[in-house]
Amino acid sequence: MQNSSEPKKYKNSFLNWIEYRLPIVSYIEKEYGDYPMPKNCNYFWSFGALASIILVILIVSGIFLAMNYTPHTDMAFNSVERIMRDVSYGWLLRYLHSNGAAFFFIVVYIHMLRSMYYGSYKYPRELNWILGVFIFLLMMATSFLGYVLPWGQMSYWGATVITNLFSAIPLIGEGLKTWILGDYTVGNATLNRFFALHYVLPFVILGVVGLHVAAVHVHGSNNPAGIDIKSKDDTVKFFPYMLVKDTFMVCVFGVVISAIIFFGPNLMAEVDNYIPADPLVTPSHIVANWYLAPFYAILRAIPDKLGGVILMFGAIAILFILPWLDSSKTRSCNYRPIYKWFMMLFFVNFFVLGYVGMMPAEGIYLLIARIGLVYYFAFFLIITPLIGKYEKPGHLPASIRDVYIDGKNY
Amino acid sequence: MTISYFILFLSVIGIFLFCYFIATRVWIKVDEEKKDSNNQPKNRRDFLYISSMSIGGLGVASFMWPFVKSMSPAEDTLALGSTEVDLSEIGIGQSITVKWRGKPVFIKRRTEEEIFAAQNVDLSSLRDPISDEDRVQNPEWLVLEGVCTHLGCVPLGQKMSDTKGEFEGWFCPCHGSHYDTSGRIRKGPAPENLAVPPYRFLSDTIIKIG
Amino acid sequence: MEKIIKMKILRALILTLSFIIPISSFAAGNSDQKIPKHEWSFTGLTGTFDKSAIQRGYKVYREVCSGCHSMNLLYYRDLIDIGFSEDQIKAIASDYTVIDGPNDEGEMFERSAKPADRFVSPYANDQEARISNNGSYPPDLSVIVKARKNGADYLYNLLLGYDEPPQGFELSEGMYYNKWYEGHQIAMAQPLDDEYVDYDDGTENTLPQLAEDVVTFLAWSAEPELEVRKNMGIKVILFFLITGLLFYLMKVRLWKDVS
C-alpha cells in the first residue's frame, strides 16, 4: 500500500497513506488535538464549542424537517402539524429545532458577552470578532426566516412588520419591500423564497463559523486574565483537557435544553402561532422572538419610522467597530476597575432592553426602553473610548500559569 | 416491520460504535506516538474513561435514531396502507381497478370459461409455475397487483375494449408480455407472474387489501 | 480568597439571571388576567392523560361542540390512542359523510367516513361557518389548547365563566357575557350546562365535570405526544446527568495533574 519513499510520520500505515496525500491527520492533530488552550480558561470558554454543536443539531434537524414540510400558504400550517402528529418522532424534531434555535441565541449571547468582558475582540483578534458579528447577523436573518415557515398568525404578522421596515428607506423603500416579498403583501411567493433562504443560510453560517474558528486558532484563545501565552507552561492541550471540560458543559446544557424540549416545549413559543395565518386579522400584540427583543425595543423606542430602523441596525453595526472604539490596551475587565462596572451595567441594560422589548410599547416601558437605548449607544460611543483613555489599569499578572496556580481563573 | 426497525437500529448503533472505536483508537495511536507526553495521564484507558466514552457514544447513537425513524412512512401514510373494497357491484366477467399503496390493483370477477382456462394448464409449460388454486381465495375473484413484473408498466386488459393478449388475460404494451386469466406470465420478457397482494374477505362482498 | 468567592457568586448570579429573566418575563407577559389554576391529570413532570376522561370529553365534543367547531387536524384513526377499538372507530366514522371523488364519471359522490378520514367539519368552508354564526368564526379546536394563553385553564374557566353582565355593562346584540373572555363579550352562547350530555360510564354530568372532560380531550388533541414526550424526557435528562457526572469526574482527574 505504501511506497518506501513516503515519510513515516505515524506508525499506523493507513494514517500515513492519508497524511501523505491529504495532510488532514496532522491538521486535525494540530488544530483539535495539540491546540494549546490557556490553562486558566473557565467554563465561559466552552460556549463556542457549545454553539457549534447546537448549530450542527439545528442543521441536521432542519434537514429532516424539510423532508416533511410543504412551503405553500395553504399547506404549510397543516404540514407542520402533520410533522408533530403523524411523522415518527416529528414532534421531537420540531421542538428540538424551535427550542434549539432559542438556545443557540442564548449560547451565542453568553459567548459574545464573554468576549466583551474579557476583551477577546482586541488586538490581534479583531477580525475574529467581526466574523462573529457577521455570524450573529446571519443568525438573526435565519431565525426570522424560519419563524415565518410554520405560517401561524405570528409568522405572518411578524413577516409583515419586519419587511415593512424596509419601506422606511427613502425613495427605494416601497420597491425594495415588494421585491423582497415577491407580492404586494406577504404571500405564497414570500413563503417559498423564505424557505429556500432559510435552508441555505445555515450553511453560510457554517462556513463563516469555519473561518471564525480558523481565525481564533491563529493567535490562540484569549483567557480570563487577558494576557498573552508566553510559554508552554501556560497552556494545556485541547485534547483531552478542554474536550472533557466542553463535554461536561454540553451535558449541563443538555439537561437544561431537555427540560425545555420535553417538559415545556411551548414555553418560549407564542400561542398565536398555533392559529393559522389570517391576513385579515392582526393579533392583539405582536412580539418579536424574545431573543431579538433587545433590538426590537430599540426599534420601538423611536417615534420616527426611519429613525427607529436606522438605530436598530446601528445597534448591531456598532459592534463591528467595537475593537477600534476601545482605546484601552488591557483586555480583561478583571484588571479594569472602573470599566468593569460599566460593562456589568451594559449586560443588565441589555437584559432590561430585552424585557421591555416584549412588553407593550407604552408608558413606563417606553421610557425604560429610551433610557436603555441611550445607555446602549453611550456605552459604545462615549464610555468605552473615554474610560480607556483615563482609567488606570490594574497590575497584570506575569504569566497565565501564575494566574492558574493562584486559582483566579474567573 | 418492528423487527426490521430493530435490526436497523442495532446496525446504526453498531456502525456508530465501530466508527467511534476506530476514531478513539486512532487518537490514542496518534497520541502515544508522540514521545514528549510528559503531562499525559498515565492510565487513560481505565474504567472511568471507558464508561464515559461508551455511555457518551451510546447517547449519540440513540440521538440519531429519531432522525432515521422520521424518514419511515408516517401515520397518515400507514393509515392508507389497507383498502376495503366493495365487490357487490361487479358483474361476472367485469373487473375494476382500485388504488392501493399508490399502485393499481386489478380485481376481476372471472367467468366460468376463464376459471376453467386458468385451472387447466400444464404447469410444466409455465415460466413461473404455480397453480391457479394457489393464487386465489375464491376462484370467482382474482386479485392482482397491476404492475408488470418486467419493468413496472400497467398491463392492459381491464376494459372491455382493451387487448387482452394471446391468453385472454392481460397484455403489457411496453414490451409485449402476455398474462393468462390467472395473471401468470405466458409469453414475453416478464420474469414472474403478476403479484397477488395480501387480502382477505371480510364478508362475501367486501375484501380488505393490505 | 474572599474576593474570589464573591466573584464566583457574582458570576453564578449573572449566569442564572441570564436564563431566568427571559423565561420569567414570559410568565409576566402571560398573566394579564389571573386565570384560576385547575388540577389536571396531565400537568407536571409525570402527568398522564386520564383516558376515560378523554373518552367522555370526546362524547361532549361530538354531541355539543362539533355542531359549530371543526377539528381539522384529527383523524378518526387517532381515537385509537384514547382507548377506542378499531371496530368502535369504524362505527364512529361511518356516522359521518364525506364528499369524495371525482369518480370515473367525473362526479363527486358522498360516502361514509373511514378511520383514515379527517374529522368531518360542520361547515363546508370558512365563509359558511362565519355566516351561520352571526359573522363570528368558530375556531378550529384541534390545537386550541396550544393556541390560547394558559391553555387548558383558560378554556375550563371560559366554559364556566358565563354570567349575567354586571350593572352598567353594555352588551352588544347577539353577544354573551363571559368573565374570562377578552373584552368579556363572546359570540358563543353558553355551550355546556349541567346534564347536557349523558355519560355511559355513570360519571356525574355536572357542568364542571363536563368542562373538565372536554378540556382534557382538547388537551390530548393538541398534544397527543405528551405522554411519550415526558417519558422520553426523563430518560434523556437522566442520561445527561449520568454522562455529565462521569465527564466531571474525568475532568477532575485529568486536571489534578495540571500545574
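Domain bounds here come from an automatic or database domain assignment. With that in mind, the centres of domain 1 of chain A and domain 2 of chain A, taken over C-alpha atoms, are separated by 37 Å. The structure is a predicted model, so please read everything below in that light.

**Chain A on its own**

Let's start with the layout of chain A. Its domain 1 covers 1-33, domain 2 covers 38-286 and domain 3 covers 294-400. In secondary structure, chain A has 16 helices and two strands. Its radius of gyration is 24 Å, close to the 22 Å that the globule rule gives for 410 residues, so chain A is as compact as a globular protein of that length. Taken along the principal axes, the box filled by its C-alpha atoms is roughly 70 × 65 × 45 Å.

One pair of helices is worth a look on your screen. Helix α4 (residues 76-85) of chain A packs against α5(A) at an angle of about 115°, and the two axes are 5 Å apart. On the α4(A) side the contact is made by V80(A), I83(A) and M84(A), while α5(A) brings in G90(A), W91(A), L93(A) and R94(A). Sorted by class, the residues in this contact of α4(A) with α5(A) are five nonpolar, one polar and one charged.

**Chain C on its own**

Chain C has seven helices and four strands. Following the sequence, their pattern is α-α-α-β-β-α-α-β-β-α-α.

Helix α2 (residues 51-63) of chain C makes a nice check on geometry. At 1.5 Å a residue, its 13 residues should span 18 Å, and its end C-alpha atoms are indeed 18 Å apart, which agrees. Which residues of α2(C) are buried? They are A53(C), I54(C), Q55(C), R56(C), G57(C), Y58(C), K59(C), V60(C) and Y61(C). Part of the cover over the buried residues of α2(C) comes from α6 (207-222) of chain C.

Here are the two chains with their values set out together.

| Chain | Length | Buried | Contacts at a separation of 6 or more that join residues 24 or more apart |
|---|---|---|---|
| Chain A | 410 residues | 44% of residues | 76% of contacts |
| Chain C | 259 residues | 31% of residues | 58% of contacts |

**Where chain A meets its partners**

Chain A touches both chain B and chain C, and we can take these contacts in turn.

The contact with chain B takes 18 residues from chain A and 14 residues from chain B. On the chain A side, the elements that give two or more residues are α2 (24-33), α3 (47-66) and α5 (90-117) of chain A. Of these, α5(A) gives the most, with three residues. By class, the side of chain A that touches chain B has nine nonpolar, five polar and four charged residues.

The contact with chain C takes 36 residues from chain A and 40 residues from chain C. Which elements of chain A give two or more residues to the side that touches chain C? They are α4, α5, α10 (238-263) and α14 (339-357) of chain A. The most comes from α10(A), with 14 residues. The side of chain A that touches chain C divides into 24 nonpolar, seven polar and five charged residues.

Helix α5(A) is thus a good place to begin browsing: α5(A) packs with α4(A), gives residues to the side that touches chain B and also gives residues to the side that touches chain C.

Notes. Residues numbered from 1 in each chain as written. Chains lettered and ligands numbered in written order. Predicted model: local features only at pLDDT ≥ 70, side-chain atom pairs only at ≥ 80, totals over all residues. Contact = placed C-beta atoms within 7 Å. Nonpolar A, V, L, I, M, F, W, Y, C, P; charged D, E, K, R; others polar. Rg over C-alpha atoms; globule rule 2.2 N^0.38 Å. Buried ≥ 20, exposed ≤ 12 C-beta atoms within 10 Å, placed from the backbone. Expected span 1.5 Å × (residues − 1). Axes fitted to C-alpha atoms, helices over the stretch in contact; angles between N-to-C directions.
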